[in-house]
There are 2 protein chains.
Amino acid sequence: MSRWKPDARGRLEKAALELYNDKGFDATTVAEIAARAEVTERTFYRHFVDKREVLFQTNALADVLAHATATAAPLAPLEVIIHALTEAAPVFEERAELVRQRQAVIAANPELQERELAKLASLVSTLAHALRERGLDSTTAALAAEIGIAAFKVAFDRWINDPDQHTLAQHIRETLDATRHLTAPAEHAAATDDGSLPGQENVA
Amino acid sequence: MSRWKPDARGRLEKAALELYNDKGFDATTVAEIAARAEVTERTFYRHFVDKREVLFQTNALADVLAHATATAAPLAPLEVIIHALTEAAPVFEERAELVRQRQAVIAANPELQERELAKLASLVSTLAHALRERGLDSTTAALAAEIGIAAFKVAFDRWINDPDQHTLAQHIRETLDATRHLTAPAEHAAATDDGSLPGQENVA
DNA sequence: ACGGTGATGTCACGAACTGACATCACGGCT
DNA sequence: AGCCGTGATGTCAGTTCGTGACATCACCGT
């Protein structure tokens, strides 16, 4: 028979989630998590680089974004981003309850918010890289990626706090539409319509 | 005569900067900083909430942004933001050398990058609040603030890595112009086609 | 049966913070 | 002048995070 109960990592994750929810992140020690998962503290650190990382297992998202960006039809950068984010939406929508719970924990703790921002920043890098692969110049790619994730933040926030009114995908679309209205409105919009496809426009 | 040398905080700040630059953030202990500043470790923590915070004394920036946003002429949101960021630019330009040095330290350490993102997020809140005060609805304000800071990130990055080609203010203006091109341009199809995303069907 | 491997345990430790209490120049008040 | 409150600092003890080094031992392939 096996020397240890299987899936130590899973048990740790579950224990951590429960405790963070129950007593709050700060009041939870790694020792407690380990004890509840019936492993040692050391084992916790073998599975997660730190106490926060348990909540941020989401590399799936980066993969979806990168893939969707790479395979999207030739479109203006913002359309590509809408496409990619829309593809990614189900990752959240499929486990809305868990996501909300997780978000509540994060909302209650500044350290966790920092980590979340870091994760989002890494998504920006991923997106920007994927856009560069599509031929965008580096500044445009960086800017488009930043704006995309910025819009996602707002859309996600609205989705979390606006239970079931709309899907996340709808919020994303609405938010990016709002972005267009925000940035376009006063100016005449058609000036740059020289028929070119995705923007090779340079940042003058 | 006085019991202690004056300006403990200033000495701590100086000592920390030097050590972070010299041996790196990780390799520097608070004990070392305190020793060099000729105070105790405890005193360090009385002046700075943690080891990172020494590098993020920048509440001046938030004040400038909030004030400039509040007093800007009535304009489209994005114009207000351009105005505010432009007002804030001198905060950096006036001490470009120090800013570059600081940025190098931050670039070398993920923990510091996390903190920086947190500070920027707090600027987003400040900006959004100021925009709401101007009468924008909460979602538009949040979105405009996110986009403004996103553009600022890109502009700042270009400024740091593009020594003296342009001023930060120029970069900001260029970047926000690029934002307009990114979001507005040439998407004549979008006006009538609010429906399906092209290419959606064959993206796994 | 044998030896290598990988997941876990054990131990020891440094370094980041924190709470509680002590000290004592300074500045104001009487 | 003398007393007193205050604020900045020191001292100390303790908790928790996170890591390196080494030990254990079921499992798996040969």
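This passage looks at how the protein meets DNA strand C in a predicted model, and then at two residues with unusual backbone angles.

Start with the surroundings of DNA strand C. The strand has 21 residues around it, and those that come nearest are T43(A), R46(A), H47(A), R3(B) and R42(B). On the DNA side, sugar and phosphate make up 60% of the strand C atoms that come within 4 Å of the protein. Sorted by class, the protein surface near the strand comes out at 9 charged, 6 polar and 6 nonpolar residues. Helix α3 (41-47) turns up here from both chains, A and B, with each copy supplying at least two residues. The biggest share comes from α3(A), which puts in 4 residues.

A few polar contacts from chain B fill in the picture, and they touch various parts of the strand. R42(B), already listed among the nearest residues, has a polar side-chain atom 2.8 Å from a base oxygen of DNA strand C. S2(B) works through its backbone instead: one of its polar backbone atoms sits 3.0 Å from a phosphate oxygen. For Y45(B), a side-chain N or O atom is 3.3 Å from a sugar or linking oxygen of the strand.

Now for the backbone angles, again in chain B. D7(B) is not a glycine, yet its phi is positive, near 60°. This residue belongs to the segment before α1 (8-23), and it is exposed, at 53% relative accessible area. E38(B) also has a positive phi near 60° without being glycine. Its place is the loop between α2 (30-37) and α3 of chain B, where E38(B) is exposed, with a relative accessible area of 53%.

Technical notes: Residues are numbered from 1 along each chain as its sequence is written. Chains are lettered from A and ligands numbered from 1 in the order in which they are written. This is a predicted model: local features need pLDDT of at least 70, side-chain atom pairs count only at pLDDT 80 or more; totals for chains, interfaces and linings use all residues. Side-chain values use heavy atoms; hydrogens and water are left out. A residue is near a molecule or strand if one of its heavy atoms lies within 4 Å of it. A polar contact is a pair of N or O atoms within 3.5 Å; within protein, one must be able to donate a hydrogen and the other to accept it, and residues adjacent in sequence count only if both atoms are side-chain atoms. Ala, Val, Leu, Ile, Met, Phe, Trp, Tyr, Cys and Pro count as nonpolar, Asp, Glu, Lys and Arg as charged, and the others, Gly among them, as polar. Buried means under 20% relative accessible area, exposed over 50%, partly exposed in between (1.4 Å probe, protein chains only).
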